[in-house]
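Student: I would like to learn how to read a model like this one, feature by feature. Could you take me through it?

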Amino acid sequence: MMGLKSWKIARIRGVDVNLHISLLLLLPYLVLAIGSRFGSVARDAGVSAEALSFGAWGWGFICALGLFASILIHEFGHVMVAQTQGTRVDGVTLMMLGGLSTMDRPPERPFAEFRLAIIGPLVSLALAGCFLALESASTQPDLKFLGFWLSRTNLALAVFNLLPAFPMDGGRALRSLLAVKRGQLKATQTAVKVSTVFAWSFGVMGALSLNIILLLIAFFIFAGAQTELAFLLSRGLLKGIRAGDVAIEVSPIAENQNLIACADRMIKERQTVLPVITTSGESALVSLGRIRTIPSEFRDTTRVRDIMSVVRRSLDKQEAISDALSELATSPGGSLPVTSDGKIIGIVRAADLNEVLQLKRLEESAILSFGTHVGEPTGVTTEPSEKSGGKAA
Ligand SMILES: [Zn+2]
């Protein structure tokens with residue numbers, strides 16, 4: 001869902017705020033849904049619709065924006081806690097059914113994960129309280145209506161996110177509580193089972209009542225639970241593997257080279273992605289796909305720096321690859337430069353990691369099926385099935 005399309009709309013506390021296309025599709029629906037029930041909502045709020053400054057569609061739009069802002073504040077609750085825990089947060093994406101934060105490594109200590117998860121619903125509850133106060137204290141109809149609507153919206157956000165199912169905050173909180181006694185893997189597997197029960201319940205309820213939102217939530221939970229499991233299994237399987245072990249050696253290209261020289265090197269070395277040496281010290285890559293977007297008659301005057309993609313960072317060859325999974329999955333071309341003593345020595349590609357993962361899974365299932373598995377069963381050996389799909393999202 002992430003890769004589909006999103007736009008950066010702001011940068012707050014060093015974090016990019018992105019708007020996902022699904023939210024733009026939801027906006028007209030929300031305006032319509034809120035606008036069509038405007039009269040009865042106004043009645044519930046105890047104000048007469050005629051006394052309000054805007055009509056049904058105007059309020060529909062304001063209420064929809066209020067919902068998005070509420071989701072954004074909720075998400076920044078997570079961001080602030082993550083930052084105090086020393087986790088770098090690169091972006092927040094607002095999408096249908098909530099927000100999504102991209103962090104460089106999710107916490108593995110149960111207590112840290114619990115705090116990171118529970119802060120979201122707490123922020124929503126606090127917002128609900130503030131707007132409830134606004135509603136009861138104001139005599140001005142517009143403020144009363146706004147307070148009424150936003151207090152209910154934030155309460156609903158808090159309750160929805162407390163559901164003990166992935167990818168909601170409640171699912172993560174549940175996993176972290178279970179992990180204290182049972183370890184990350186067992187806890188995740190149990191939380192995934194609980195999530196699947198929720199997904200089926202919502203799915204059946206949605207199908208029986210023909211409620212598209214319930215069906216959407218069912219799908220959202222199901223996908224979230226599978227992603228969580230796949231991500232954890234990948235992390236477990238890749239434990240002990242360093243960036244240098246899976247890197248392909250490629251010498252970098254200077255950013256002032258033109259695209260003809262760059263394409264020549266790609267053809268000669270049979271590479272579609274090259275790491276770039278930049279004067280600014282930023283980590284960057286240039287890909288065949290980007291070169292192709294430049295018409296051939298301009299390739300001798302276009303420099304690598306004009307089309308290169310700057311990535312978040314390079315990986316040191318000693319770094320554990322399991323810590324860079326989410327960055328690899330979201331970087332352009334699914335690649336990151338690899339360095340040794342600060343010098344670029346090559347790249348790591350997500351596609352190569354997938355091969356390593358498949359081999360690891362084969363190895364694990366072979367060991368289990370021959371029954372020769374000895375030692376601590378604490379690794380990712382309990383379920384070596386094909387359940388965990390491709391790369392971690
Ligand atoms: Zn949350």
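The dialogue below takes up a helix, two loops, a sheet and a core in turn.

Tutor: Keep in mind throughout that this is a predicted model.

Student: Let me begin with helix α6, then: how does its span between end C-alpha atoms compare with that of a straight helix of 41 residues?

Tutor: One sets the end-to-end distance against the value for a straight helix, which at 1.5 Å a residue would be 60 Å for 41 residues, whereas α6, covering residues 169-209, spans only 26 Å. Along α6 there is also a kink of about 130 degrees, and its centre is arginine 182.

Student: What should I look for in the loops on either side of α6?

Tutor: Backbone torsions are a good place to start. In the loop between α5 (141-162) and α6 sits proline 167, and the peptide bond joining phenylalanine 166 to proline 167 is cis, with omega about 0 degrees. On the other side, leucine 210 lies in the loop between α6 and α7, and its phi is near 55 degrees, a positive value in a residue other than glycine.

Student: Is leucine 210 buried or exposed?

Tutor: Leucine 210 counts as exposed because it has 8 C-beta neighbours inside 10 Å, and the cut-off for exposed is 12 or fewer. Arginine 270 can be read in the same manner: it lies in the loop between α9 (259-269) and β7 (273-277), has a positive phi of about 55 degrees although it is not a glycine, and is exposed, with 6 other C-beta atoms within 10 Å.

Student: In which order do the strands of the open sheet of 4 strands run?

Tutor: For a sheet, one reads the strand order and then the edges. The order here is β5-β12-β11-β10, with mixed pairing, and the edge strands, each pairing on one side only, are β5 (248-249) and β10 (315-316). Between β5 and β12 (residues 343-349) the pairing is antiparallel, over 2 bridges, and glutamate 249 has glycine 346 in β12 as its bridge partner.

Student: Which residues touch the most other members of the largest nonpolar core?

Tutor: That core has 95 residues, and those touching the most other members are Ile221, Leu274, Val276, Leu285, Val286 and Val348. Helix α7 (residues 212-237) gives the most to the core, with 11 residues, and at least three residues come from each of domain 1 (6-237) and domain 2 (243-352).

Student: What does leucine 285 touch, leaving out residues up to four places away in sequence?

Tutor: Its contacts include Val273, Leu274, Val276, Met308, Val311 and Pro337, and also Ser309 and Gly333.

Notes:
Residues numbered from 1 in each chain as written. Predicted model: local features only at pLDDT ≥ 70, side-chain atom pairs only at ≥ 80, totals over all residues. Core = buried A, V, L, I, M, F, W, Y, C linked by C-beta atoms within 7 Å. Buried ≥ 20, exposed ≤ 12 C-beta atoms within 10 Å, placed from the backbone. Domains from an automatic or database assignment. Contact = placed C-beta atoms within 7 Å. Pairing = 2+ DSSP bridges. Expected span 1.5 Å × (residues − 1). Bend = angle between axes of the 7 residues up to and from the residue.
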